[in-house]
Amino acid sequence: MTFETFKVQGRLGLGDQQARSLQFAYQQAQQYARTLQGWLLLMGPYGCGKTHLAAAVANAVVEMGVEVIFLTVPDLLDWLRASFSGGDETFEQRLNEIRNVRLLVLDDLGTQNATPWAEEKLYQIINHRYIHRLATVITTNLLLEEIDGRISSRLQDVDLVTRVHIYAPDYRSPVSDETRTSISTLSLLADQTFGTFNLREHEKLPSEDRATLQKAFDAAVAFAENPRGWLVFMGSYGCGKTHLAAAIGNFRKAAGEEPIFVVVPDLLDHLRAAFSPSSTISYDRRFEEVRSASLLILDDLGTQSATPWAREKLYQLLNFRYNAKLPTVITTAQTLDEIDPRIRSRMMDKRVCSIYAITVPAYVSRGEPPVKRRSAPRRST
């Protein structure tokens, strides 16, 4: 695992932000290997490339004659425990070796068994290196708030730590594999495009209501051409918000991306099913697949069973995408007041999220004027 063997472009089908995050992480790791200044924290889902980059840093500095210890955190703790059984090194000697090595690479922080002893030893090592500003590389698939508070506070020191988040999905899992296609139902909505969307110009509707539909359509087209931040469509059932969300997904799919389109209750069912012993995919992998998707479209937020577990999973998912500013489309028939306050506060951030309320009544299934075909937006090259 070297910089030369690292695939900077990742795999086919990466979204723009995913590809940029991979390129940025590669550049930061190269820079760190040259200077060994401060700490490098690589964050991201399983298989995104963070371990390869950490190993590339280690291999690069070893070639320069620098002493390095590279260990996954569970292995490090096992190595310390093994010293109690006797051997060439005492526990204190081994602990001091880890605390003072010129470069320490800790891979997979957060996967260790969180016993009080393990937490205390890990804190002692990290705190020692923090106080003495010793070069350290750490990889983790956790968010900062999920890490032991004492360690997390040190990882948030911007004067010492260069924090890099990789949003690319698992490189070991092909984009077209069954775990991705099984959760997204976009293929069932292939006919819902911008070209088939009915702006209801021939219906007798209040002009202000029809204007909300036009604004939502224009916003969907603009988002599809350049997905950034969040886009939320609010309105009653049958007003067209799901069609617009699907049109965005179909447009991005035609551009070579692999968006995930899923109805919120179905998403929660998929997550629950991952706990089953017969599941072919782990819960962690399923959750990472969704929260790090290049484009996530959540249809019908608010129709899910409002259990504490469901609320917590949705919050964790959306909070991650909010912090990462990953392109996300949400449709809901709820009002803002009815949405979980933690999610609502993120929707209200105008720097990240744009909200469009569609006030037209539901489309009628019979007697509706012929659909007025709209030419699809052109994809930028």
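**Two parallel sheets and the helices packed on them**

V105 has V137 as its bridge partner in β4. The structure is a predicted model, in which local features require pLDDT of at least 70 and side-chain atom pairs count only at pLDDT 80 or more, whereas totals for chains, interfaces and linings use all residues. Residues are numbered from 1 along each chain as its sequence is written, and side-chain values use heavy atoms, with hydrogens and water left out. Helices (H or I, at least four residues) and strands (E, at least two) are DSSP runs, numbered from the N terminus.

The pair V105 and V137 belongs to strands β3 (residues 103–109) and β4 (residues 136–140), which are joined in the parallel sense by four bridges; two strands are taken to pair if DSSP finds at least two bridges between them. These strands are part of an open, five-stranded sheet with parallel pairing and the order β2-β3-β4-β1-β5. The edges are occupied by β2 (68–72) and β5 (161–165), each of which has a single partner strand, so one side of each is left without a neighbour in the sheet. On average, and with direction ignored, neighbouring strands of this sheet are turned by 10° against each other; angles run from 0 to 180 degrees between N-to-C directions, and axes are lines fitted to C-alpha atoms, for helices over the stretch in contact.

Strand β2 runs parallel to β3 and is joined to it by five bridges, with F70 standing opposite V105 in β3. In a regular strand the side chains alternate between the two faces of the sheet. In β2, I69 and L71 form the covered face, while V68, F70 and T72 form the uncovered one.

Helix α3 lies across β2 and β3 and runs at about 105° to β2. Its buried residues (under 20% relative accessible area; exposed is over 50%, partly exposed in between; 1.4 Å probe, protein chains only) are V73, L76, L77 and L80 of α3. Seen down the axis of α3, these residues fall within an arc of 95°, so they line one face of the helix; the arc is that of the directions from the helix axis to the C-beta atoms. They pack against β2, α4 (91–100), β3 and α5.

Helices α3 (residues 73–82) and α5 (residues 116–131) pack at about 100°, with 11 Å between their axes. The two are therefore roughly perpendicular to each other, a class that covers 65 to 115 degrees, with under 35 roughly parallel, over 145 roughly antiparallel and the rest oblique. Contact (heavy atoms within 4.5 Å) involves V73, L76, L77, L80 and R81 of α3 and W117, A118, K121, L122 and I125 of α5.

A further open sheet of five strands, with parallel pairing, has the order β7-β8-β9-β6-β10. Its edge strands, β7 (260–263) and β10 (353–358), each pair on one side only, and its neighbouring strands are turned by 15° against each other on average, direction ignored. Strand β6 (residues 230–235) runs parallel to β10 over six bridges, with L231 partnered by S354 in β10. Helix α10 (residues 264–273) packs on this sheet, where it touches β7 and β8 (296–301), its direction making about 100° with that of β7.

Helix α10 also packs with α12 (residues 308–324) at an angle of about 100° and an axis separation of 11 Å, which makes α10 roughly perpendicular to α12. V264, L267, L268, L271 and R272 of α10 meet W309, A310, K313, L314 and L317 of α12.
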